[in-house]
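Here are my notes on this model, in numbered points. Please read them with the structure open.

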Amino acid sequence: MNPPIGPIDSSRVPRFAGPATFARLPRADEVERADIAVVGVPFDSGVSYRPGARFGPSAIREASRLLRPYHPGLDVAPFERLQVVDGGDIPVNPFSVGDAVETLDAGASAFVEAGTRLVTLGGDHTIALPLLRSLYRRHGPIALLHFDAHLDTWDTYFGEPYTHGTPFRRAVEEGILDTEAIAHVGTRGPLYGRKDLEDDRRFGFGIVTAADVMRRGVDEISDMLRQRVGNRPLYVSVDIDVLDPAHAPGTGTPEAGGITSRELLEILRGLSTCDLVGGDVVEVAPAYDHAQITATAASHVAYDLVSLLALNQARASWGVRRRSRSRSVRDRDGAGSPLG
């Protein structure tokens, strides 16, 4: 088997030159295989407020020109031993949400069935449902960590069941999620009523609010999330509005009081021992961005997801064993877990 083809060498070709594939990686059609693919879904017909996330994948790719091939925070070079590619966009119907959901399910399933793990660039959060469907058929019920300002477990908007605010309610109803291992992280802001929380709890979700992250710190939160997920196959879905608008202004439904980009990345890195099988970063709307702040944050989130997948593959293929990055929450003093 030929060694992997890595990114373009930025010491020889300037970062601002050439096509903006994710992290300057080769395209899928330029390699023999793909262990991990970064794909875009330029779709935002499921949004309830500001549109524009259909342009998110291209903005994230453009911002990713500054990424480099070694991740010191996780001590991994994700492109060194695995073939990571930019898998291009999965084009979906912008005029029919239902058709788009079915098309994306089929497109993602083609990668999954070939043994390629996906990191998906949205697009709005509607896309999480078909992505989870494709993984469920391969892995069975999936653990989910959902980073978002919002719950996304509402029932319908204007009678429509498939929107960016409903994907995880549908996933629970369809039996896709392991309801003993699902949680929201970074939630905040007003709700329609107390029933929103009651329904969410009934579905099985635990909640770590943005205030919990601030008060408890990233190591303790990561510990709690690892314990909730255990060794189940895990999907990580990141709505960029989990970040405070100071760190991610370019999104459709911003909420004040969010976590920082540093906190988000550190929590993700704390999941390095989990069995990650896929992930997404969604809701980047570049029309509302400033100086690529949001797109840059999203590109680093996607890079961390790729790096976590690479570590997971390393454990499976090469017997790598990594220690937890912090003590278990059971060894700490203080209050119990907000996850219950």
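1. Confidence first. This is a predicted model. Its mean pLDDT is 93, and 94% of the residues reach 70 or more. The weak stretch is residues 320–334, where the pLDDT is below 50. In the model, that stretch still has 34 contacts beyond near neighbours in sequence. Please keep the low pLDDT of residues 320–334 in view when reading those contacts.

2. Overall form. The chain has 340 residues and a radius of gyration of 19 Å. A compact globule with that number of residues would come near 20 Å, so the chain agrees with the rule. The C-alpha trace spans about 55 × 50 × 40 Å along its principal axes. Nine helices and eight strands make up the secondary structure elements.

3. Packing and surface. Of the 340 residues, 56% count as buried. Among contacts with a separation of 6 or more, 79% come from residues 24 or more positions apart. The accessible surface is about 14,300 Å². Carbon and sulfur atoms hold 51% of that surface.

4. Charge. There are 37 positive and 45 negative side chains. The centres of the two sets lie 6 Å apart.

5. Helix H1 and the loop after it. H1 covers residues 56–63 and is mostly covered, with six of its eight residues buried. The buried ones are Gly56, Pro57, Ala59, Ile60, Arg61 and Ala63. Note that Arg61 is in that buried set. Leu66 sits in the loop between H1 and strand S2 (84–89). Is Leu66 buried or exposed? Leu66 counts as exposed, because its relative accessibility is 52% and the cut-off for exposed is over 50%. Leu66 and Ile36 are 30 residues apart along the chain, and their C-alpha atoms are separated by 20 Å.

6. A cis peptide. The bond from Gly122 to Gly123 is cis, with omega near 15 degrees. Gly123 belongs to the loop between strand S3 (117–122) and helix H3 (128–139). Anyone preparing this model should look at the bond from Gly122 to Gly123.

7. Positive phi outside glycine. Ala23 has a phi of about 55 degrees. Ala23 lies in the segment before strand S1 (36–41). Its relative accessible area is 3%, so Ala23 is buried. Gln292 also has a positive phi, near 60 degrees. Gln292 is in the loop between strand S8 (275–282) and helix H9 (293–318). With a relative accessible area of 38%, Gln292 is partly exposed.

Conventions:
Residues numbered from 1 in each chain as written. Predicted model: local features only at pLDDT ≥ 70, side-chain atom pairs only at ≥ 80, totals over all residues. Heavy atoms only, no water. Helix = DSSP H or I, 4+ residues; strand = E, 2+ residues; numbered from the N terminus. Rg over C-alpha atoms; globule rule 2.2 N^0.38 Å. Buried < 20%, exposed > 50% of the residue type's maximum accessible area, 1.4 Å probe, protein only. Contact = heavy atoms within 4.5 Å. Areas by Shrake-Rupley, 256 points an atom, 1.4 Å probe, with all protein chains shown as cover. Lys, Arg positive; Asp, Glu negative; His and termini not counted. Charge placed at Lys NZ, Arg CZ, Asp CG, Glu CD. pLDDT = per-residue confidence, 0-100.
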